[in-house]
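Visitor: Please show me the model, and let us then ask how its descriptive terms are justified.

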Amino acid sequence: MPRQKKPPRLYQRPDDGRWIIRDGSITKDTKCVSAVGSEAPAEAKTELANYLSAQVAGPPDGPCLPSQIKVGHVLAIYADEKGPTMASPETAAYSIMALSPFWDDLTCDAVKGETCRRYTRSREQQSKAPSTIRRELAYLQAALNYAYREGYLIHPLAVTLPAKSPPRSRWLTRSEAAKLLRASSPHLRRFILIGLYTGTRLEAILDLRWTHSLTAGWVDVDNGVIHRQGAAERVTNKRRRSVKMNRRLAAHMRRWARMGGAHVVEYEGQPIKSVKTALRKASKRAKIDSVSAHVLKHTAVTWAFQAGMTLEDASDYFSTTAATLENVYRQHSPEYQHRAVSIMDNLRQSVRVSVQVSRGKKPK
């Protein structure tokens, strides 16, 4: 028998004392803060009462016009029905929580360019990165698309997204990578080496196990292969193909495997969820700026292209689309536009000969 869903309720976050409303997979910030362990303030209780009132009203039955259903209802439907099958439910929850204060009480016919731009400006005033704002609005678009497909909305609606940020070009030199490794703790050193040699994403590295797994990636030490995805895991847009290790990483893996543990990257015998703090401290000790987990992937791909890896091989090895590699990394290859430059060199030679002939000179 399935567990009965708890009603909407107030919850105080233990890290900062902020009160939020919890309703299944939906969370809504009440913007109220008090001492941890204290009773919820009256303002938070009022916010909960208003939330409950809105839920009682509920969306209309069957397909309806955008003016007949609130954006908050659409977001709630999306979170409840789609949330459990999302590849990144936590990211979706954070984005929906960020959208809620602005959009919840607006009806869906308010979703237009001017309103989306106003939301963008409001988030910019809160010092949110353009990529974060674009991701939040992308979740709003996904929720509206879902509502249309499932028959809640009578016709689709388009969200105006802010322009894409230019591709990040930060990558480590070999000297910087060596300094970072020397400044890192053992568990972080494992993470960095896997990232530099394979370009594997953060979550996939931290999920790696030493034994075959259906629900997470694992390392086949005997055959020198990293399986980035468990056999029973759902395939998403974040592709996780298997990757063959080079000799150096394979040697490290064999040594680490002999040291025991369940996960490849552990701290004090326990799996870890993030290396953000450890990486920031190591970067500070190494006196290297702008280092994140994703910079390791940038570095791996950049080094590969500098060494002459082809676009086809890189797409397979790094589980990244050819379009992304073309737009962000291919200019680092020594073969980048090589054929075009050769043609232009020949064209220049032809132009020089033509000029000499026009002047009555004998071509050299």
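Guide: The following exchange sets values against definitions for cysteines, a sheet and a pocket.
This is a predicted model, in which local features need pLDDT of at least 70, side-chain atom pairs count only at pLDDT 80 or more, and totals for chains, interfaces and linings use all residues. Residues are numbered from 1 along each chain as its sequence is written, and side-chain values use heavy atoms, with hydrogens and water left out.

Visitor: Why is Cys64 said to be in no disulfide?
Guide: A disulfide is a pair of cysteine sulfur atoms within 2.5 Å. By this rule the count is 0 disulfides. For Cys64, the nearest cysteine sulfur belongs to Cys108 and is 7.5 Å away.

Visitor: What makes Cys64 count as buried or exposed?
Guide: Buried means under 20% relative accessible area, exposed over 50%, and partly exposed in between (1.4 Å probe, protein chains only). Cys64 has 3% relative accessibility and therefore counts as buried. Cys116 has 0%, so Cys116 counts as buried too.

Visitor: How do you know that β5 and β6 are joined?
Guide: Strands are DSSP runs (E, at least two residues), numbered from the N terminus, and two strands pair if DSSP finds at least two bridges between them. Strand β5 (residues 225-227) has 2 bridges to β6, running antiparallel. Ile226 stands opposite Val243 in β6.

Visitor: Why are β4 and β6 called edge strands?
Guide: The open sheet has the order β4-β5-β6. β4 (218-220) and β6 (243-244) each pair on one side only.

Visitor: What residues make up the lining of the second largest pocket?
Guide: The lining divides into 11 nonpolar (Ala, Val, Leu, Ile, Met, Phe, Trp, Tyr, Cys and Pro), 4 charged (Asp, Glu, Lys and Arg) and 4 polar (the others, Gly among them). A pocket is an open set of points on a 1 Å grid over the protein atoms alone, where a 1.4 Å probe fits, with protein on both sides within 12 Å along at least five of seven lines; lining residues have an atom within 4 Å of a point.

Definitions and conventions
Helices (H or I, at least four residues) and strands (E, at least two) are DSSP runs, numbered from the N terminus.
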